[in-house]
Amino acid sequence: MKNIMKIKRNVVIDLKRAFPSLGSDISENGLTLIHEGRFANAAVLRYRDRNLDLTIKDFSGSPLLIKAVFGMLSTRTEYRAKKALAEALGENGNLCLLSPWSLAFDYVCGETLNKVPKNVPSDYFIRMERIVRKLHASGFVHLDLRNLGNMILGKDGQPYIIDFQSCLPTKHLPAFIRRYLEKVDFSGVYKAWERKCADGLDERRKSVLTYVNGIRRFWIFKGYPLQHFLEKLKTR
C-alpha cells in the first residue's frame, strides 16, 4: 500500500512550486485520489480549486529504484509525448513536470469509452484517428489504445487520449517496426469503433484491425510489460 497522505503532501509542495502566483490558494483540500496504482505505477490524483483543474501522475509513493529509474523515464516520456501532441494540435493548456517523477496536465471531463453505450458517432472515431495520426507524426506511439479505458468521450463531444505510460518514441526505430506499432495504435481506434459505433468499419480500417488481431499472440506490449517483469521480481 502506498502512503497516500505523503503523496498528497509531496504534490501540494510541487504544485506550489509550479504555480507560485497561486501558492497560498493551493492546499490538500483540493486533492482527490483517482487511482492508487500498483507499486510500479504512478498514483493518479485530481487537483481542483477555483483556479486549476488538473490530473496529476506521481511516482513518489513507489519504491526508490522504481521511482528513480522507471518513474523518471516514464514521466519524461509521457511529458514529451503530450507536449508534442499538444503542439501538433495547437493546444496550449496546462502541462508541466512537477518533479522528475510527477506530471500535471489539464483534467478532461467525460467518460472513458469502456463505460459509454454503443451509440458513439463515427465522426468521433474519425477525429480520434486524426489525433493518433498527429501523435505518430510527432514521433511517438501510444501502444495502449486497445484498452478502451484510455480513450475519452469528452463532455464537449471531443475525443481525448489518456495514459501514455506505455508510450514509446519512434524516431530511432527501424521504419518497418514503426509502421507496425502505428498500426497497433490504429487498431485500438478501430476496435473501439467496432464495439461502440452503430456504423461499421470500411474495408480498409477493418483490414488493419484484422491484421493486428491476427498477430496479437506475439504482442509483447500487453498492459505494462516492464511492470509485469518487476512484479515477478518482487515475488521471488
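Two strands count as paired if DSSP finds at least two bridges between them, and helices (H or I, at least four residues) and strands (E, at least two) are DSSP runs, numbered from the N terminus. This is a predicted model, where local features need pLDDT of at least 70, side-chain atom pairs count only at pLDDT 80 or more, and totals for chains, interfaces and linings use all residues. Residues are numbered from 1 along each chain as its sequence is written, and side-chain values use heavy atoms, with hydrogens and water left out.

**Exercise 1.** Work out the strand order of the open sheet formed by 3 strands, and find its edges.

*Solution.* Start with a pair: β6 and β8 (residues 151-154) run antiparallel and share 3 bridges. Within that pair, Glu-111 sits opposite Leu-153 of β8. Now add β9, and the order reads β6-β8-β9, with antiparallel pairing. β6 (110-112) and β9 (159-161) each have a single partner strand, so one side of each has no neighbour in the sheet. On average, neighbouring strands here are turned by 30° against each other, direction ignored; axes are lines fitted to C-alpha atoms, for helices over the stretch in contact, and angles run from 0 to 180 degrees between N-to-C directions. Last step, look for a helix on the sheet: α3 (residues 122-137) lies across β8 and β9, at about 40° to β9. Contact here means heavy atoms within 4.5 Å.

**Exercise 2.** Do the same for the open sheet of 5 strands.

*Solution.* Take β2 (residues 43-48) and β3 (residues 53-58) to begin with: they are antiparallel, joined by 6 bridges. One handy landmark is Arg-48, whose bridge partner in β3 is Asp-53. Extend outwards and you get β1-β2-β3-β5-β4, again with antiparallel pairing. β1 (31-35) and β4 (95-99) are the edge strands, each pairing on one side only. From one strand to the next, the twist averages 25°.

**Exercise 3.** Describe how α4 and α5 pack.

*Solution.* Two packed helices are described by the angle between their axes and the distance between the axes. For α4 (residues 175-196) and α5 (residues 203-214), that's about 110° and 8 Å. The two are therefore roughly perpendicular (65 to 115 degrees; under 35 is roughly parallel, over 145 roughly antiparallel, the rest oblique). Next, the residues: those of α4 in the contact include Tyr-180, Phe-186 and Trp-193, while α5 brings, among them, Arg-204, Val-208 and Tyr-211. Finally, sort the contact by class: 9 nonpolar, 1 polar and 5 charged residues (Ala, Val, Leu, Ile, Met, Phe, Trp, Tyr, Cys and Pro count as nonpolar, Asp, Glu, Lys and Arg as charged, and the others, Gly among them, as polar).
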